[in-house]
Amino acid sequence: MLNLRLLALAFAALAIYGLATVNGIAASPSGRFCGEAISSGDYQDVETNLNIDADGRLSGTYELDEPDGRVEGTLSEHALEHGTSRTLVWTDKYGTGLLSLEFSSNFDRFEGSWGGSVNGRFEAPSHSWNGVRCRLDLAG
């Protein structure tokens, strides 16, 4: 009887630990976000993939569907930040610039803006870039 109680207590402790771990992972900017960005003068579909590097910096990649084809780029955190406001440097075939992101409190979505650079100097971000966590399409 005592062994059964200890087993039940151990199981409950593992279940609580598991829930805490899942919630900890969910409250992170890491993940795949589907959204839109203004590019070529209009809204274009963009998929933004973010992760946290070993040093704690946010980095990732993005794919932007433009009228002339897909554009792939990289993202790296401009300066190590914490919280829901982050500034990243984007780089793709068109150049480089800043991407300012403001995540929701649970990191399920972000609203952002991006800007380019001229002669090595970053312009102020002013073009829309947003995303929400992508949902899996299990239908096919």
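In which loop is the place of S40? In this predicted model, S40 lies in the loop that connects β1 (31–39) with β2 (42–52).

**View 1. The loop between β1 and β2, with S40 shown.** The backbone of S40 adopts a positive phi, near 55 degrees, in a residue other than glycine. The residue is exposed, because its relative accessible area of 56% is over 50%.

**View 2. The closed barrel.** Eight strands form a closed barrel in the order β1-β2-β3-β4-β5-β6-β7-β10, and their pairing is antiparallel. On average, neighbouring strands of this sheet are turned by 30 degrees against each other, direction ignored. Strands of a sheet pair through backbone hydrogen bonds, in a parallel or an antiparallel manner.

**View 3. Pairing of β3 with β4.** Strand β4 (residues 69–77) runs antiparallel to β3, and the two are joined by 8 bridges. Within this pair, G60 stands opposite L75 of β4.

**View 4. The hairpin of β5 and β6.** Strand β5 (residues 85–92) and strand β6 (residues 95–103) run antiparallel and are joined by 8 bridges. Only the short connection needs to be followed here: the hairpin has 2 residues between its strands. As a point of register, L88 has L99 in β6 as its bridge partner.

**View 5. The hairpin of β6 and β7, with F107 in the turn.** Strand β7 (residues 109–115) is antiparallel to β6 and is held to β6 by 6 bridges. The register can be read at L98, which stands opposite G115 in β7. This hairpin has 5 residues between its strands, and F107 is found in that loop. Although F107 is not a glycine, its phi is positive, at about 60 degrees. F107 is buried, because its relative accessible area of 9% is under 20%.

**View 6. An aromatic cluster that includes F107.** F107 belongs to one aromatic cluster together with F33, F103 and F110. Across the whole structure, a search finds 6 aromatic pairs.

**View 7. The ring pair of Y62 and W129.** A pair of aromatic rings is described by the distance of the centres and the angle of the planes. For Y62 and W129 the ring centres are 5.0 Å apart and the planes stand at 75 degrees, so the pair is edge-to-face. The pair links distant parts of the chain, with Y62 in strand β3 (residues 58–66) and W129 in strand β10 (residues 127–133), 67 residues apart. Both Y62 and W129 are buried.

**View 8. The surroundings of C134.** C134 is placed in the segment after β10. With a relative accessibility of 17%, C134 counts as buried, because this value is under 20%. When its neighbours within four places in sequence are left aside, C134 is in contact with R32, F33 and C34. One of these contact residues, F33, is also a member of the aromatic cluster with F103, F107 and F110. The C-alpha atom of C134 is separated by 9.3 Å from that of D108, and the two residues are 26 residues apart along the chain.

Methods: Residues are numbered from 1 along each chain as its sequence is written. This is a predicted model: local features need pLDDT of at least 70, side-chain atom pairs count only at pLDDT 80 or more; totals for chains, interfaces and linings use all residues. Side-chain values use heavy atoms; hydrogens and water are left out. Two strands pair if DSSP finds at least two bridges between them. Helices (H or I, at least four residues) and strands (E, at least two) are DSSP runs, numbered from the N terminus. Buried means under 20% relative accessible area, exposed over 50%, partly exposed in between (1.4 Å probe, protein chains only). Rings of Phe, Tyr and Trp (its six-membered ring) pair if their centres lie within 6.5 Å; planes under 30 degrees apart count as stacked, over 60 as edge-to-face and the rest as tilted. Axes are lines fitted to C-alpha atoms, for helices over the stretch in contact, and angles run from 0 to 180 degrees between N-to-C directions. Contact means heavy atoms within 4.5 Å.
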